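Hi,

Here is the structure I promised to pass along. Have a look at it first, and my notes follow underneath.

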Amino acid sequence: MPTAAPGRYAFDNDSPYVEEQHRCLAAALDPITTARLATTGVGPGWRCLEVGAGRGSVALWLAERAAPGGRVLATDLRPEHIPSRPGLETLRHDIVHDPLPEAAFDLIHSRLVLTHLPQRRAVLVRLLRALRPGGWLQLEEFDIDYAPVLLAPDERTRAGYQAFQAAKGRALRAAGADPSWGRSCAADLRAAGFTGVEPVPHLVPWHADSPGLQAQLNHLHHLRDALVAQGLTEDQCAAASEAMRHPAFRAASSVLYCVQARRPS
Ligand SMILES: C[S@@+](CC[C@H](N)C(=O)[O-])C[C@H]1O[C@@H](n2cnc3c(N)ncnc32)[C@H](O)[C@@H]1O
């Protein structure tokens, strides 16, 4: 995979690793995402926007909730992987540059997209305007700078995993992402003009069977060239892979911030 240029999405949407990446994200995060979305009262008749929908698991959930009478617009740079169903429309759309309708949505959701965008603060203002007055925005974003090893089979695998996490942070930053944006997302939402901003941090244990750790193993392969460009050695790659597949390995997940906010009425 070529190393992403600054300001380009860091992952390769044509990579064979994308499908597994999205499977892991859905398995690890959909329960957190949908439980919080349900607290907005999203239901029949709601007009929803899912930004950077990936494989569309959350967009599908929203379409079920919004039926009958509602509609969900699911966008992505590569929307062809989003399944179709009544009430769910898909659109190839770049949230930084492409037009968005004004005051058109009751609810906008986006997960692990704005972290990648150098223009994320300007995008927040666009999302604010796309909501009806009183409408809801929900974002989930990581702070990957917190990712400690809790138990490792040996020092080599512990150090390999930590070197991988550090190189991943550098690789994402080199592509224009802010991989710790989760911790400042709430403050940026308030600065953009949102009201009722409520961040909730989530942290879970990771072991070999955790979809969250399986996503990390996926990233080790998916971002391989970018990680090597950031100084990760072959031996560190092998040690990190060994760590993440070992039954005795335990880590704390990175902190996921699930943040809700509203457009002022
Ligand atoms: C890490 S994936 C997350 C996918 C999905 N939201 C999830 O949590 O499963 C990021 C997604 O954002 C999309 N994306 C990246 N930059 C984008 C942009 N400027 N506009 C719209 N989508 C974008 C990518 O194509 C990818 O599908």
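Before the ligand notes, one term: I call a pair of N or O atoms a polar contact if they lie within 3.5 Å of each other. Also keep in mind that this is a predicted model.

By that cut-off, Ile95 makes a polar contact with the ligand, because a polar backbone atom of Ile95 is 3.0 Å from a ligand nitrogen. As for how much of the ligand is covered, the protein buries 96% of the 590 Å² that the ligand exposes when taken alone.

Two other contacts are worth a look. Gly52 also uses its backbone: an N or O atom there sits 2.7 Å from a nitrogen atom of the ligand. With Asn13 the side chain is involved, as one of its polar atoms lies 2.9 Å from a ligand oxygen.

Zooming out, the ligand is surrounded by 16 residues, and the closest are Asn13, Gly52, Asp76, Asp94 and Arg111. What is the make-up of that shell, in nonpolar, polar and charged residues? It has eight nonpolar, five polar and three charged ones.

Away from the ligand, I looked at a helix pair. H6 (residues 211-222) packs against H8 (residues 234-245) with the axes 10 Å apart and an angle of about 160°. The two therefore count as roughly antiparallel, and H6 passes H8 in a left-handed crossing.

Finally, some backbone geometry you may want to check before setting anything up. Most peptide bonds are trans, and most residues other than glycine have a negative phi. The bond from Ala67 to Pro68, however, is cis, with omega near -5°; Pro68 belongs to the loop between helix H2 (57-66) and strand E2 (71-76). Ala103 has a positive phi of about 50° though it is not a glycine, and is found in the loop joining strand E3 (88-92) and strand E4 (105-111).

Cheers

Key:
Residues numbered from 1 in each chain as written. Predicted model: local features only at pLDDT ≥ 70, side-chain atom pairs only at ≥ 80, totals over all residues. Heavy atoms only, no water. Near = heavy atom within 4 Å. Polar contact = N/O pair within 3.5 Å; in protein donor to acceptor, adjacent residues only side chain to side chain. Areas by Shrake-Rupley, 256 points an atom, 1.4 Å probe, with all protein chains shown as cover. Nonpolar A, V, L, I, M, F, W, Y, C, P; charged D, E, K, R; others polar. Axes fitted to C-alpha atoms, helices over the stretch in contact; angles between N-to-C directions. Helix = DSSP H or I, 4+ residues; strand = E, 2+ residues; numbered from the N terminus. Parallel < 35°, antiparallel > 145°, perpendicular 65-115°, else oblique. Left-handed = near helix turned anticlockwise from the far one by under 90°.
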